[in-house]
Structure formats: structure tokens, C-alpha cells
Amino acid sequence: MAYNNIIVETQGAKATVTFNRPKALNALNTETLLEVKQAFTEFENGGEVRVVIFTGAGEKAFIAGADIGELKTLDVVTGKKFVETGHSVLAQIENSRIVSISAVNGFALGGGCEFMMATDIRVASENAKMGQPEVNLGIIPGFGGTQRLTRLVGKGRAKELTFSARIIKADEALRIGLVEFVFPADQLMAEANKLADTILSKSPLGVQYAKELINRGGEVDLTNANAFEIQAFAALCATDDKNEGLGAFLEKRDAKFSGK
Ligand code: CO8
């Protein structure tokens, strides 16, 4: 399918989605959000893609936020619809069995920071800059930023960043746990792909169950979270992946996982 605002490339079990609105520093308008939803739904329905890398076109921005031109037009009804669309796309990515990696190659502001926080793992280039600058504009983070930022970096830091609209550089983002790795810009995509390939070499069901447990476990008390883990572990014991993984270790060979 042809898109106006994103570039979608697939290579076996790996896909790359590049935000491509360079004139607006890849800002997210409704059309872009719906295109991402369409592409991601196709990955999910197709069944082959297991890791998606998101990045931004050009050298300046991952995503410079929600589209400010579109935001200016919103009223209470269309504003609700816009944030609901954003939430729906981000929740789909966050809860998907597909692993998502953000390769943050420049500005990730407002909705851009919120987008990367909904993906599973964030790798950033040394020139990346992140933040939630919405209070500069008389609004608040509206794609989950108040919640996901708090869960990633803690209440105090989330409040400081959000109340002050401070933009931070990649090294600080790494220090506070907002990104997992920082690489020189010219190595960013190679490193993101390396990470994707490593994940793809592991048991698909193991990765999928672990993602779900890490996501859901954080939302309930430890006793219930551990009960989820017990059930998931037991379910995995009935899979080919478990037999193959343990068998391959004992036979001193590489495992060939089927995801079944
Ligand atoms: N939306 C639309 N256009 C944008 C955006 C944006 N978020 N960011 C940049 N652009 C456009 C600029 O208007 C400019 O266009 P033009 O050339 O036609 O004037 C072009 O991109 C290049 O930008 P600059 O000239 O400003 O480039 P600089 O290098 O000088 O500055 C910055 C780069 C610092 C990134 C600057 O562009 C900037 O501050 N952008 C806005 C960042 C921002 O505030 N983002 C948060 C937006 S709000 C948000 O994301 C809320 C999410 C949830 C919303 C839910 C509400 C309903």
C-alpha cells in the first residue's frame, strides 16, 4: 500500500517505518497516525513481521511532535478525537506481540517523545533531543506522556520535565532511563538493526510472552504479576519453541525456533 507520510520497508521478519514529513520535521497529523495504524495492522495480520523499527526521515527529527497546525484547529470534540486516535495507535504498538524499536535520530518532542515511549526499546543518536514541551503551547501531553514518562523515569523527573518543558539531550535521556542506548548518528540504524536481528534470533514465543508480562505486570501488584508469570511459564512448556530451545542446548547446536 502507498502512503503519503511514512515509508514502509519489510525484510523477512523485520520492518522499518520511517516518518516522512520533512517539511514539518515529521510531525504527527491525523493522516500520519492513521497510516501508521494501517501499516502496523497489516504487519499484525500478515503474521511474518516480528520486529518493527521506527525512525524519522532526514537528519534533524524523529518526530517534532503532534502537528501544531492541526492542533490549532481543534475544538473540544475534534481534540478528543485527535488524542483518542493517538492513544489508539500507541496502545496498539505497545500491546502488540510485535516488538517495536524507536531509532531516535533527532528531535523527539511532545507526541514524538510519547511515540517513542510507547515502543518497547529506544536507541538514540548522539544528536537526539527529547522532551514534553506542551505547556509552552497551552496544552498538555496528550498521547500518554503524563503516564508513560512517569512510569519510565519516575514522578519527580516526569514532573520536572513536563512542568518546565525542558528539552534534554541524548546523554541525559540515557542517564534517566528514557532511552536504552546512544550511538553516533551514522551508526544508529545499523545498531537498531543489530538489536532487531538479535531479538529475531530468539524464541518468538518467549519474546512475546516476556513482553506481555513486563507490560502487564507493572500495572498490578507483585503477587498477581507473578501469578501471570507462572501461568505463562506453564503455557510455554507446551510449545515447540521450548522443546527446541532446551533440546538444542543439550545437543550443543543452535536452536531453530518455529514460534509454535
Ligand atoms: N508541527 C508542525 N510543524 C512543525 C512542528 C510541529 N510539531 N515542528 C516543526 N514544524 C515545522 C516548522 O513550523 C517549520 O516549518 P516552516 O519551514 O514551514 O516554517 C519546519 O518544521 C522546520 O522547523 P523550524 O524552522 O522551527 O526548525 P528549527 O530547527 O528552528 O527548530 C524545533 C526545531 C526546536 C523542533 C522547532 O521546530 C519546534 O520547537 N517545534 C515544535 C516542537 C513542539 O512544541 N512539539 C510539541 C507539539 S505539541 C504535541 O506534540 C502534543 C501531543 C499530544 C497532542 C494532543 C492534543 C490534542
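This briefing walks through the ligand site and a nonpolar surface patch. The model is predicted. The ligand has 25 residues around it, and the protein buries 62% of the 1100 Å² that the ligand exposes when taken alone. I68 is a good residue to keep in view, as it belongs to the set that comes nearest to the ligand and also to the surface patch.

**Around the ligand**

- The residues that come nearest to the ligand are K60, A64, A66, I68 and G111.
- By character, the shell around the ligand divides into 16 nonpolar, 4 polar and 5 charged residues.
- Four elements give two or more residues each to this shell: the helices α2 (68-73), α3 (76-95) and α4 (111-118), along with the strand β6 (107-109).

**Backbone contacts to the ligand**

- At A64, a polar backbone atom is 2.9 Å from a nitrogen atom of the ligand.
- I68 likewise places a polar backbone atom 2.9 Å from a ligand nitrogen atom.
- For K23, a backbone N or O atom lies 3.1 Å from an oxygen atom of the ligand.

**The nonpolar surface patch**

- I68 joins L137 and I139 in a nonpolar patch on the surface, and together these residues have about 270 Å² of accessible area.
- L137 sits in the loop that runs between β8 (129-131) and α5 (145-153).
- L137 has 49% relative accessibility, so it counts as partly exposed; the exposed class begins over 50%.

Definitions and conventions. Residues numbered from 1 in each chain as written. Predicted model: local features only at pLDDT ≥ 70, side-chain atom pairs only at ≥ 80, totals over all residues. Heavy atoms only, no water. Near = heavy atom within 4 Å. Polar contact = N/O pair within 3.5 Å; in protein donor to acceptor, adjacent residues only side chain to side chain. Areas by Shrake-Rupley, 256 points an atom, 1.4 Å probe, with all protein chains shown as cover. Nonpolar A, V, L, I, M, F, W, Y, C, P; charged D, E, K, R; others polar. Patch = residues over 30% accessible without salt bridge, like charges linked within 9 Å, V, L, I, M, F, W, Y side chains within 5 Å. Salt bridge = Lys/Arg side-chain N within 4 Å of Asp/Glu carboxyl O. Buried < 20%, exposed > 50% of the residue type's maximum accessible area, 1.4 Å probe, protein only.
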